[in-house]
Amino acid sequence: MANSLKIKSVAKSFGALNVLQDVTFDVEQGEIVGLLGPNGSGKSTLLSVISGFLPEDSGSVSFAGREMLGVPAHKVAQQGLIRTFQLPSMPHRMTPRELIAAGARSGRGLRNLLGRAALHGPEVDAVIARFALEPVADIPASSLSGGQKKLLSIAVALQGNPRLLCLDEPTAGVHPNLRARMVQILQEVASSGVTILIVEHDMHFVRGICDRCVVLDGGHIIADCAPDQLTENERVVEAYLGKAKVGIAA
């Protein structure tokens with residue numbers, strides 16, 4: 001499929017530490033897949049390998065039929081594979097309105113990017129409203145709360161028209177009232193054919209949005225199943241060492 005992701009036998013080490021070991025799975029076009037696992041299991045490292053921020057030691061990552069091995073992150077993004085970060089860094093001077101406008105008009109030059117019509121057009125206003133950013137739309141993006149930064153990073157990523165969207169803990173710091181809105185937005189995005197891979201710890205969010213879950217532990221895949229099957233998998237429950245057993249079942 002046009003927007004499918006294929007990960008085959010990916011391994012990554014840092015010195016003597018084997019972070020990823022023989023990781024293999026596919027994500028099909030329009031699918032929403034949760035990438036789960038306890039802290040240190042290799043989730044964020046795998047996301048960085050997929051998006052070109054880290055080179056794999058071995059294996060392959062292909063997107064839309066094209067091998068991504070050795071492709072730098074900015075060129076990976078040009079292919080439509082766009083990611084967000086667990087701790088998004090925001091500019092000190094640009095506002096959310098300016099960032100959203102820039103994301104929508106990245107090929108038109110600075111004057112058009114920051115022109116009055118561009119900043120206050122209906123397209124930008126609609127994105128700001130969709131992500132509940134109206135109260136902070138015109139203040140420095142760096143002064144937003146952690147949750148607002150998460151929402152803004154997703155809004156900007158979507159302005160780049162991704163074909164595959166990789167999200168690193170999108171709900172961390174986001175007010176519970178806004179999580180339902182995030183689920184709705186991401187489900188609409190997936191229904192348009194965009195593939196989504198989500199690193200997440202919030203199991204309520206995972207159950208509400210993901211079609212499948214791939215679970216890592218110690219750099220290995222220990223489960224690939226539907227969200228409602230996680231509690232039936234002894235290896236998953238054991239990997240979460242009891243604490244997450246409560247979280248998974250909640």
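**Strands, sheet and hairpins in a predicted model**

Strand 1 (residues 5–14) and strand 4 (residues 58–63) run antiparallel and are joined by five bridges; here two strands count as paired if DSSP finds at least two bridges between them. Within this pair, I7 has V61 of strand 4 as its bridge partner. Helices (H or I, at least four residues) and strands (E, at least two) are DSSP runs, numbered from the N terminus. The structure is a predicted model, in which local features need pLDDT of at least 70 and side-chain atom pairs count only at pLDDT 80 or more, while totals for chains, interfaces and linings use all residues. Residues are numbered from 1 along each chain as its sequence is written, and side-chain values use heavy atoms, with hydrogens and water left out.

Strand 4 also pairs with strand 5, again in the antiparallel sense, over two bridges. In this pairing S62 faces E67 of strand 5. The two strands make a hairpin with two residues between them, and A64 in the turn shows a positive phi of about 55°. Beyond strand 5 (66–67), the loop that leads to helix 2 (73–78) holds G70. Is G70 buried or exposed? G70 counts as exposed because its relative accessibility is 69%; the cut-offs are under 20% relative accessible area for buried and over 50% for exposed, with partly exposed in between (1.4 Å probe, protein chains only). Its C-alpha lies 7.5 Å from that of G52, at a sequence separation of 18 residues.

A second part of the picture is an open sheet of six strands, ordered 6-7-8-3-9-10, with mixed pairing. At its edges stand strand 6 (81–83) and strand 10, each of which pairs on one side only. From one strand to the next, the twist averages 20°.

Within this sheet, strand 3 (residues 32–36) pairs with two neighbours. Four bridges connect strand 3 in the parallel sense to strand 8 (residues 195–199), where I198 is found opposite G34. Strand 3 is likewise parallel to strand 9, also with four bridges, and L36 has V215 as its bridge partner there. Strand 9 (residues 212–217) is mostly covered, as five of its six residues are buried. Strand 9 in turn runs antiparallel to strand 10 (residues 220–225), with five bridges between them, and L216 sits opposite I221. These two strands form a hairpin with two residues between them, where G218 in the turn has a positive phi of about 60°.

Which helices meet the sheet? Helix 1 (residues 43–50) lies across strand 3, strand 6, strand 7 (164–168), strand 8 and strand 9, and runs at about 150° to strand 7. Helix 8 (residues 176–191) packs on the sheet as well, where it touches strand 3, strand 7 and strand 8, and its direction makes about 145° with that of strand 8. Such angles run from 0 to 180 degrees between N-to-C directions, with axes taken as lines fitted to C-alpha atoms, for helices over the stretch in contact.

Turning to the whole chain, the secondary structure comprises 11 helices and 10 strands. The protein chain has 250 residues, of which 50% count as buried. For contacts (heavy atoms within 4.5 Å) between residues at least 6 apart in sequence, 64% link residues at least 24 apart. The exposed area of the chain is about 11,700 Å², with 53% of it supplied by carbon and sulfur atoms; accessible areas come from the Shrake-Rupley method with a 1.4 Å probe, and for residues only the protein chains shown count as cover.
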